[in-house]
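Visitor: Got a minute to walk me through a model? I'd like quick answers.

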Amino acid sequence: MQFISYLINGISLGSVYAIIALGYTMVYGIAKMLNFAHGDVIMVGGYMVFIFMVNLGLPAIVSIVLAMAVCTVLGIVIETVAYRPLRGAPSLAVLITAIGVSYLLQNLALLIWGSTPKSFTSVVNMEPLRLAGGQLVITGESIVTIGVCIVVMVGLSLFINRTRMGRAMLAVSEDKGAAQLMGVNVNGTIMLTFAIGSALAAVAGALLCSSYPMLLPTTGSMPGIKAFVAAVFGGIGSVPGAMLGGILLGIIETLSKAYISTQLSDAIVFSVLIIVLLVKPTGILGKKISEKV
Amino acid sequence: MEEMLSVKDLEVSYGAINAIRGVSFHVDQGEIVTLIGANGAGKTTTLHAISHLLNPKAGEITFCGKPIQHMEAHQIVKLGLAQVPEGRRVFASLTVQQNLELGAFTRTDGNDAIAADYEMVFARLPRLKERRRQVAGTLSGGEQQMLAIGRALMCKPKMLLLDEPSMGLSPLLVQEIFNIIRDINKSGVTVLLVEQNAKMALEVANRAYVLETGSIAMSGDAHELANDPKVRTAYLGT
Ligand SMILES: Nc1ncnc2c1ncn2[C@@H]1O[C@H](COP(=O)(O)OP(=O)(O)O)[C@@H](O)[C@H]1O
Ligand SMILES: [Mg+2]
């Protein structure tokens with residue numbers, strides 16, 4: 001029973017990683033860059049929900065939607081101001097810029113909200129589910145987090161595979177030049193990708209802070225890095241890969257904390273990543289670089 | 001005859017390398033014009049500059065009288081200038097049908113018109129119809145070339161730029177591709193054909209330009225050029 005409880009916690013944590021990992025993997029797939037500032041957008045999302053919900057007393061769902069709107073704008077601004085001028089620049093320059101944006105966001109947050117942790121009120125208002133005569137307790141946060149993750153996964157798959165813009169995203173991720181020759185606006189598509197990723201980051205921020213209610217300017221860093229690991233683990237560029245990688249990572253982390261060692265759990269997570277990459281360098285669901293005839 | 005595409009004093013460079021050094025040519029409505037030249041002459045660079053996949057350093061490009069050298073690539077496609085790029089560049093992980101749908105990305109003239117064009121493409125390129133559910137990456141080279149052409153036709157172009165459509169194909173398939181190009185032209189699409197296979201290109205074209213290291217070395221009627229001693233030794237191997 002204890003094991004199942006850990007497993008559910010792991011899936012819940014993994015669901016948050018998965019939602020964040022989607023942002024990394026989609027941006028990587030479309031713009032071929034690692035947006036290291038993505039984790040910090042989560043943090044901004046967390047603060048926004050805090051402001052709207054705790055300071056202004058708005059309902060949780062309204063606060064989340066507003067936070068998504070703010071993060072969407074933030075994502076678009078980051079893309080247009082910091083990354084677009086570097087289109088075609090060496091990837092190292094882009095990477096350094098991304099790290100710079102990440103520190104900029106953290107330091108702006110520090111300036112605005114200070115270094116004292118804010119204690120976050122959960123966005124979930126739901127009784128825990130008690131099963132097996134009260135032996136198995138599943139928190140409302142876990143249920144909502146897993147549920148949101150499923151909705152996001154299904155919604156995003158439908159968007160990518162069934163809509164015109166989704167098809168354009170697939171085309172850009174495969175061959176930017178050829179997509180342009182089909183009349184796809186590549187800059188617009190990249191902007192849309194950042195917008196979606198950042199909106200999802202706001203959702204992830206709200207869920208993360210609901211389960212781990214300490215909000216700091218650095219709140220997004222570690223989950224951001226782990227979600228990046230999850231994206232690589234599942235196969236960077238692959239949407240189902242990000243989902244699978246995120247959930248597996250959450251499970252591995254939670255189970256290692258429970259059964260092996262709290263201190264070593266991160267080391268175990270990264271060791272698993274290294275082993276997977278040694279066996280399959282493109283990640284679990286990563287496509288091999290398709291050869292052109 | 002009405003001028004459809006005109007390129008004036010085009011210059012393109014890759015960093016310090018000047019790949020195109022003042023190229024001028026024009027294509028009239030209804031023509032097949034070919035741009036021939038050896039490997040590295042600058043043919044692909046010229047086509048990329050026209051479609052604005054890269055930014056020309058200088059020069060003026062007009063399409064149907066409209067200057068397009070400052071327009072973005074996707075806007076140029078919308079004007080009706082499509083390109084079948086070198087190396088086919090089909091979307092390998094998508095099906096034939098999905099590739100064709102992407103070809104119709106800019107269309108706003110309704111589903112009926114688009115559906116009619118699928119039938120037109122399948123009639124012209126029957127092999128695509130048999131394979132419409134197949135993933136493009138698993139097609140043979142010839143089939144991929146046909147898909148690349150079909151995909152470009154789906155945007156209902158006024159003019160088609162083709163970059164070495166015969167590359168890597170067997171002589172029989174090359175013949176088939178050139179027949180298709182001739183048919184497409186007969187149906188009213190103006191064609192600019194870039195080729196290393198000068199013999200075949202000069203056979204289908206009305207006029208030709210010879211590109212040598214970034215400049216036009218010769219130009220004229222395709223049949224006259226095919227009989228020109230200089231062209232014969234340099235490009236036809238006779
Ligand atoms: N991306 C690039 N960077 C630098 N030089 C390039 C690039 N692409 C082409 N070139 C150079 O520009 C010249 C023209 O190339 P290209 O247009 O591809 O020729 P063609 O299509 O006629 O074979 C060649 O000298 C080639 O080496
Ligand atoms: Mg070429």
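Visitor: What covers the buried residues of α6(A)?
Guide: The cover includes α1 (2-31), α5 (140-162), α7 (176-181) and α8 (186-211) of chain A, together with α3 of chain B. Cover here goes by contact, meaning heavy atoms within 4.5 Å.

Visitor: And which residues of helix α6 of chain A are buried?
Guide: In α6 (residues 164-174) they are G166(A), R167(A), A168(A), M169(A), A171(A) and V172(A). Buried means under 20% relative accessible area, exposed over 50%, and partly exposed in between (1.4 Å probe, protein chains only).

Visitor: Ground rules?
Guide: This is a predicted model: local features need pLDDT of at least 70, side-chain atom pairs count only at pLDDT 80 or more, and totals for chains, interfaces and linings use all residues. Residues are numbered from 1 along each chain as its sequence is written, chains are lettered from A and ligands numbered from 1 in the order written, and side-chain values use heavy atoms, without hydrogens or water.

Visitor: Switching to the metal. Which protein atoms are donors of the magnesium ion (ligand 2)?
Guide: OG1 of T44(B) and OE of E86(B), 2.0 to 2.2 Å from the ion. T44(B) sits in helix α1 (residues 43-50) of chain B and E86(B) in the loop between β6 (81-84) and α3 (96-103) of that chain, so the pair ties together parts 42 residues apart in sequence. Donors are N, O and S atoms within 2.8 Å of the metal (3.2 Å for Na, K and Ca); water is not among the atoms, so sites may look incomplete.

Visitor: Is E86(B) buried or partly exposed?
Guide: Partly exposed, at 28% relative accessibility.

Visitor: What about T45(B) and T46(B), buried or exposed?
Guide: T45(B) is buried at 9%, and T46(B) is buried at 0%. T45(B) lies in helix α1 of chain B, and T46(B) is placed in that helix too.

Visitor: What does T46(B) touch?
Guide: L10(B), I20(B), F25(B), L35(B) and L211(B), not counting residues up to four places away in sequence. With its neighbours within four places left aside, T45(B) contacts V12(B), Y14(B), A19(B), I20(B) and L54(B).

Visitor: Back to chain A. How many helices and strands?
Guide: Eleven helices and four strands. Those are DSSP runs numbered from the N terminus: helices are H or I, at least four residues, and strands are E, at least two.

Visitor: What is the radius of gyration of chain A?
Guide: 19 Å, which agrees with the value near 19 Å for a compact globule of 293 residues. The radius is taken over C-alpha atoms, and the globule rule is 2.2 Å times the number of residues to the power 0.38.
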